[in-house]
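With the model open in your viewer, please follow the stops below in order, making each selection before reading what is there.

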Amino acid sequence: MEIEPNGPDPAPRTPVILVAGLDPAAGARVADALVVAGTTLVHHDLGAVASGRVMRTVRSVDLDGAETETVTEVTLEHGCVSCTLRLDLLPLLRRLHRRESVETIVVHLDSLLEPEAVCWAVEHVTVSDMPGFVDGPAGRDVEVSATIACLAESDWLTSATGEITVGEAGLGAVDDERTLAQVAVGQVAFADALVVQGADPMMRDRWETARLMAVLRRLAPGAPMIMEIAQRPLTALMATQLLRAIPDGARRGRIDGPHDPLLRGQPPLEPECGVGMVEFAADRPFHPDRLHAAFDVLLDGVVCARGRLWLANRPDEALWLESAGEALQVSAGGPWLAAMDEDDLAAVDPERRAMAGLRWHPEFGDRHSAVVVLCHRADPDEITRALQAACLDDAEMADGQALWMAYPDPLGHAHADPCDRSDPADLRLPVADTDGTGPDTDRARHDTDITDPYREDPR
């Protein structure tokens, strides 16, 4: 369906609601409930994306209530998720913005898509060569107003804590090395609201349900939640109430940087149903070898972990750790303030500079390590002990930076992007910076490769 511009850019930007989830049917029900007068629903079915074909559905309800639906097969020269977003979804959002009958856009994401990457693409990927449009990101015309994650009560926690890959689960290409846990955790952690598909009441394990809710309250703190059951399917009224319940401080598409606070939304810190948060902080660096060994405690009984790492042999730049289930990734986290020159410091967010000033060390500056772990079966004390033991001891601290630089570094394995393109618009979500030029952040399981942010891209 071709949508032509029919007038000058109006203001404000058109709100976009993202609906994400591993179960396409559950996502479709939620997306359908959001379609009211003035709403257009967009969905890309990526089931055949590897062959270069994507099925795009656009369903609109105009302000008078008339409904239209168009299904189009989109042919891509290079069949991948990134190309689908860059070449079709982002231009489509800009064109829909120009239609007077479109007040809201609902994007039902394919199970392969993670909402954080889509939000980054909306704000940073340039859409060009569109007649009547100024080159720029789709964020010139649209803004993400809410992200809703759909999950199943019966099996989401199993998916979120396992090691099976997307390809092995049959949801994507065989060579898709992302795990279900990475996708499941990423969808919920980035959500502003949750819709939980309830299990059959006769089959429900109340303890398992309570444990799931304890995880969700910590993974997406403050997010309103609706339990959808067969006897009470989601309605348009319920969907509207869910959106209205999203608090003012919700993420709404905002992507946190590695130097932002790790505890977003004030999650409960007290243990509940065996679920708890571990907060680890250290003002001395990690020994790279011992840290690599300590990663094992983050891969068993842990839902997710994230944090900044100060490695003894890498004094200039923080590392950023993310894990989900039995998958873990380490990537570049941007330079420490203490390693910046005056020009770079002037461009740093004042809040970050103020927070760094509170813990500034006369020799090491703002260098530190901070990790937050959400565990559901692991021993929090064991996690803390393992991370503490990975830090340099007093004798090693006395050795100084010159000797630290000689430490062997098991984190130095380059991980190449399977989509081998030099296009700067390649949709790889940067976690190391905020200017859209970050390193390769393709997910890698701990037992294969860990992204090396310090080596040249082998491409």
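**An aromatic cluster to begin**

Begin by selecting Trp 310, Phe 364 and Trp 404, which together form one aromatic cluster. Bear in mind throughout that this is a predicted model. The count of aromatic pairs in the structure comes to 3, and one of them is reached by selecting Phe 280 and Phe 286, whose rings are stacked with 6.0 Å from centre to centre and 25° between the planes. Phe 280 and Phe 286 are both buried.

**Helix 6 and its cap**

Move next to residues 206-219, the 14 residues of helix 6, where the distance from the first C-alpha to the last is 20 Å, close to the 20 Å expected at 1.5 Å a residue. Just before them select Asp 205, which caps the N-terminal end of helix 6 by placing a side-chain oxygen 3.0 Å from the backbone nitrogen of Trp 207. Within helix 6, colour the buried residues, among them Thr 209, Arg 211, Met 213, Arg 218 and Leu 219.

**The cavity**

Finish with the interior space: the structure holds 1 cavity of 30 Å³ or more, with a volume of about 40 Å³. To display its lining, select His 44, Thr 84, Leu 85, Leu 89, Val 107, His 108, Leu 109, Asp 110 and Leu 113, a set that divides into 5 nonpolar, 3 polar and 1 charged. Which element supplies the largest share of this lining? Helix 2 does, with 3 residues, while helix 2 (81-97) and strand 5 (104-108) each supply at least two.

Methods
Residues numbered from 1 in each chain as written. Predicted model: local features only at pLDDT ≥ 70, side-chain atom pairs only at ≥ 80, totals over all residues. Heavy atoms only, no water. 1 Å grid on protein atoms, 1.4 Å probe; cavity = no way out; pocket = protein on both sides within 12 Å on 5 of 7 lines; lining within 4 Å. Points joined across faces, edges and corners; volume = space filled by probe spheres on them. Helix = DSSP H or I, 4+ residues; strand = E, 2+ residues; numbered from the N terminus. Nonpolar A, V, L, I, M, F, W, Y, C, P; charged D, E, K, R; others polar. Expected span 1.5 Å × (residues − 1). Buried < 20%, exposed > 50% of the residue type's maximum accessible area, 1.4 Å probe, protein only. Polar contact = N/O pair within 3.5 Å; in protein donor to acceptor, adjacent residues only side chain to side chain. Phe/Tyr/Trp six-rings, centres within 6.5 Å; stacked < 30°, edge-to-face > 60°.
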